Amino acid sequence: MSPNESNAVPMIEAEGLTKYYGDFIAVEDITFSVPKGQVCAFLGPNGAGKSTTMKMLSGYLAPSAGVARIGGFDMQTQRLEGAQLLGYLPENGPLYSDMTPKSFLTYCGRVRMMPAGQLKERLEWVREVCHLEDVWGKAIGKLSRGYRQRVGMAQAILHDPQVLILDEPTSGLDPNQVQGVRELILQLGQSKTILLSTHILQEVHAVCSRVLLVSQGRLVFDGPVAELGDDGDAMEAKFRELTRSVADAA
Ligand code: ADP
């Protein structure tokens with residue numbers, strides 16, 4: 001039995017994850033696990049280590065210490081198996097500026113070895129749910145940040161993965177686009193396990209059930225959204241308190 005066939009196996013796991021850039025410790029001994037079906041927010045001030053942690057979870061960056069697992073697969077030693085279960089939206093997506101959304105997403109599907117019929121269906125689906133119809137044949141380099149972000153999102157969900165790691169999926173979007181992406185995440189969250197980073201606290205209430213908060217590379221809070229506050233203002237106060245106490249203690 002492969003690890004992900006058991007319901008008991010967490011879909012996303014960080015075990016003692018640590019990352020040094022030279023002498024600087026960007027992520028320090030972070031441990032958490034996200035069970036199947038949970039939508040979890042990954043919060044923290046700029047530079048807290050969110051993107052670095054997400055890159056390690058996705059297998060794009062080797063940890064200095066610790067293990068990252070997706071569906072039970074170690075993302076260093078069993079990356080191919082883990083990657084099949086995972087859709088990852090990086091903070092600055094590797095989008096090829098000369099390609100169109102259509103050619104880029106077709107290429108992504110082929111790299112993932114999706115059968116032609118399935119790829120055709122999924123391309124039509126992501127074009128619709130990510131609202132890419134108007135830019136389907138335009139060069140990605142000429143698209144607005146909002147559209148590029150949606151192409152990145154389409155790439156992450158194209159192969160219908162069970163797990164999504166989304167690094168700031170609404171950054172750079174206007175309010176209407178933010179609403180559209182939130183609705184998409186809510187829809188996806190009904191059947192998938194999601195870890196998403198954001199700096200918009202209201203967003204957390206709208207889509208997540210659990211919050212992980214990092215500050216200066218360390219995990220300083222892990223609990224239900226309600227424990228962090230009832231609304232955006234209360235959460236912001238708690239967020240500042242938790243992230244300040246780490247800065248003071250350092
Ligand atoms: P966040 O996503 O929470 O804003 P990051 O994970 O991007 O934080 O960065 C964490 C820390 O690591 C920051 O201080 C950042 O400047 C530093 N950092 C990130 N990437 C590199 C890198 N490639 N080389 C050196 N330092 C880096």
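These questions and answers walk through a predicted model, from its ligand to its salt bridges.

Student: Which element gives the most to the shell around the ligand?

Tutor: Start with the residues that surround the ligand, among them Tyr-21, Phe-24, Lys-50, Ser-51 and Thr-52. Two elements give two or more residues to this shell: strand 2 (24-34) and helix 1 (50-58). The one that gives the most, with 3 residues, is helix 1.

Student: How many residues of the shell around the ligand are charged?
Tutor: Lys counts as charged, while Gly counts as polar. The shell includes Lys-50, Gly-47 and Gly-49. It divides into 5 nonpolar and 5 polar residues, and the number of charged ones is 1.

Student: What is the distance from an oxygen atom of the ligand to an N or O atom in the side chain of Thr-52?
Tutor: A polar contact needs N or O atoms within 3.5 Å. Lys-50 offers a side-chain N or O atom at 2.9 Å from a ligand oxygen. Ser-51 uses a polar backbone atom, at 2.8 Å. For the side chain of Thr-52, the distance is 2.6 Å.

Student: How much of the ligand's accessible area does the protein cover?
Tutor: On its own, the ligand has 560 Å² of accessible area. The share that the protein covers is 60%.

Student: Is Tyr-96 buried or partly exposed?
Tutor: Tyr-96 sits in the loop between strand 6 (86-89) and helix 3 (101-111). With Tyr-107 and Val-111, Tyr-96 forms a nonpolar surface patch. Buried means under 20% relative accessible area, and exposed means over 50%. Tyr-96 has 41%, so this residue is partly exposed.

Student: How many residues apart are Glu-28 and Arg-218?
Tutor: Side chains of opposite charge can pair when their charged atoms come close. Glu-28 and Arg-218 meet in a salt bridge, at 3.7 Å from N to O. Glu-28 is in strand 2 and Arg-218 in strand 10 (residues 218-224), so the pair links distant parts of the chain, and the separation is 190 residues.

Student: Which residue forms a salt bridge with Lys-192?
Tutor: Lys-192 is buried, at 7% relative accessibility. Its partner counts as partly exposed, at 42%. In this salt bridge, the closest N and O atoms are 2.7 Å apart, and the partner is Asp-160.

Student: Where does Arg-122 lie?
Tutor: Arg-122 forms a salt bridge with Asp-160, with the closest N and O atoms 3.9 Å apart. The pair ties together parts 38 residues apart in sequence, because Asp-160 is in the loop between helix 5 (145-157) and strand 7 (163-167), while Arg-122 lies in helix 4.

Methods. Residues numbered from 1 in each chain as written. Predicted model: local features only at pLDDT ≥ 70, side-chain atom pairs only at ≥ 80, totals over all residues. Heavy atoms only, no water. Near = heavy atom within 4 Å. Polar contact = N/O pair within 3.5 Å; in protein donor to acceptor, adjacent residues only side chain to side chain. Areas by Shrake-Rupley, 256 points an atom, 1.4 Å probe, with all protein chains shown as cover. Helix = DSSP H or I, 4+ residues; strand = E, 2+ residues; numbered from the N terminus. Patch = residues over 30% accessible without salt bridge, like charges linked within 9 Å, V, L, I, M, F, W, Y side chains within 5 Å. Salt bridge = Lys/Arg side-chain N within 4 Å of Asp/Glu carboxyl O. Buried < 20%, exposed > 50% of the residue type's maximum accessible area, 1.4 Å probe, protein only.
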